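I opened this notebook to record what I looked up in one structure, in the order in which I looked.

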Amino acid sequence: MQTKKVLVVSAGYKKSYPIIKELSRAKYNVVVATYSFRAPSFFSRYVKNRYYISNPHRNHETYFDDVLKIIRKEKPSIVIPVGFMDVFILSKYKKVEEEM
C-alpha cells in the first residue's frame, strides 16, 4: 500500500507542528508550505518536502498560484490549511481545486 501525502499550508503557525508530528506518526508523507523563513515546522524531521510560498496577506492570487503548483507537483490526498487566511483563500478558489 502506498503512503498517502498530506499538504500542510502555513506551517509557520505553532499549531501546525503537532498536526505535522501526528500525521507523520500515522505514516503519512507530510509536505509543508510556508511563507515564513523562520517557521520551526519547516525544519522538522517529520516533514518530507518543504516549499516557500507567497505571503497570503499581501497577494491572494500569487499565494493561490504557489499552492496550486505544489498540489499539481506533489498530488496530496488532502490539503490542510492551518491559518484563517489559508482557509479563506483556499475556500474562495474551491472550484478550481475540485477540477483537478
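The entries below go from the whole chain to single residues.

**Entry 1. The model.** I note at the outset that this is a predicted model.

**Entry 2. Fold outline.** I looked up the secondary structure and found four helices and four strands in the chain. Their order along the sequence is β-α-β-β-α-β-α-α. I then checked the overall dimensions: the radius of gyration is 13 Å, close to the 13 Å that the globule rule gives for 100 residues, so the chain is as compact as a globular protein of that length. The C-alpha trace spans about 35 × 30 × 20 Å along its principal axes.

**Entry 3. Burial, contacts and surface.** I found that 40% of the 100 residues count as buried. I next took the contacts between residues at least 6 apart in sequence, and 54% of these join residues at least 24 apart. The exposed area of the chain is about 6,400 Å². Carbon and sulfur atoms supply 54% of that area.

**Entry 4. Charges.** I recorded 19 positive and 9 negative charges in the chain. Their mean positions lie 9 Å apart. I then asked how many salt bridges the structure holds. The search returned two salt bridges.

**Entry 5. Salt bridge K5 to E74.** In this pair the closest N and O atoms are 2.7 Å apart. I looked up where the partners sit: K5 belongs to strand 1 (residues 5-9) and E74 to helix 2 (residues 60-74). The pair thus links distant parts of the chain, with the two positions 69 residues apart in numbering. I also asked of each partner whether it is buried or exposed. K5 is partly exposed, at a relative accessible area of 26%, whereas E74 is buried, at 7%.

**Entry 6. Salt bridge E22 to R25.** Here the closest N and O atoms are 3.6 Å apart. Both residues lie in helix 1 (residues 16-25), and because they are three residues apart there, about one helical turn separates them. E22 counts as partly exposed, with 44% relative accessibility.

**Entry 7. The loop with P40.** I located P40 in the loop between strand 2 (29-34) and strand 3 (47-52). With a relative accessibility of 60%, P40 counts as exposed. I also noted its distance to G12: the C-alpha atoms of P40 and G12 are separated by 6.7 Å, although the two residues are 28 residues apart along the chain.

**Entry 8. Positive phi.** I looked for unusual backbone angles, since most residues other than glycine have a negative phi. Which residues have a positive phi although they are not glycines? I recorded S10, with a phi of about 65 degrees, and K75, with a phi of about 55 degrees.

**Entry 9. Setting of S10 and K75.** I then looked up where these two residues are placed. S10 is in the loop between strand 1 and helix 1, and K75 is in the loop between helix 2 and strand 4 (78-81). Their accessibilities fall in opposite classes: S10 is buried, at 2%, under the 20% limit, and K75 is exposed, at 63%, over the 50% limit.

**Entry 10. Cross-reference.** I set the entries on strand 1 and helix 2 side by side. Strand 1 contributes K5 and helix 2 contributes E74 to one of the salt bridges. The loop between strand 1 and helix 1 holds S10, and the loop between helix 2 and strand 4 holds K75.

Technical notes. Residues numbered from 1 in each chain as written. Predicted model: local features only at pLDDT ≥ 70, side-chain atom pairs only at ≥ 80, totals over all residues. Heavy atoms only, no water. Rg over C-alpha atoms; globule rule 2.2 N^0.38 Å. Buried < 20%, exposed > 50% of the residue type's maximum accessible area, 1.4 Å probe, protein only. Contact = heavy atoms within 4.5 Å. Areas by Shrake-Rupley, 256 points an atom, 1.4 Å probe, with all protein chains shown as cover. Lys, Arg positive; Asp, Glu negative; His and termini not counted. Charge placed at Lys NZ, Arg CZ, Asp CG, Glu CD. Salt bridge = Lys/Arg side-chain N within 4 Å of Asp/Glu carboxyl O.
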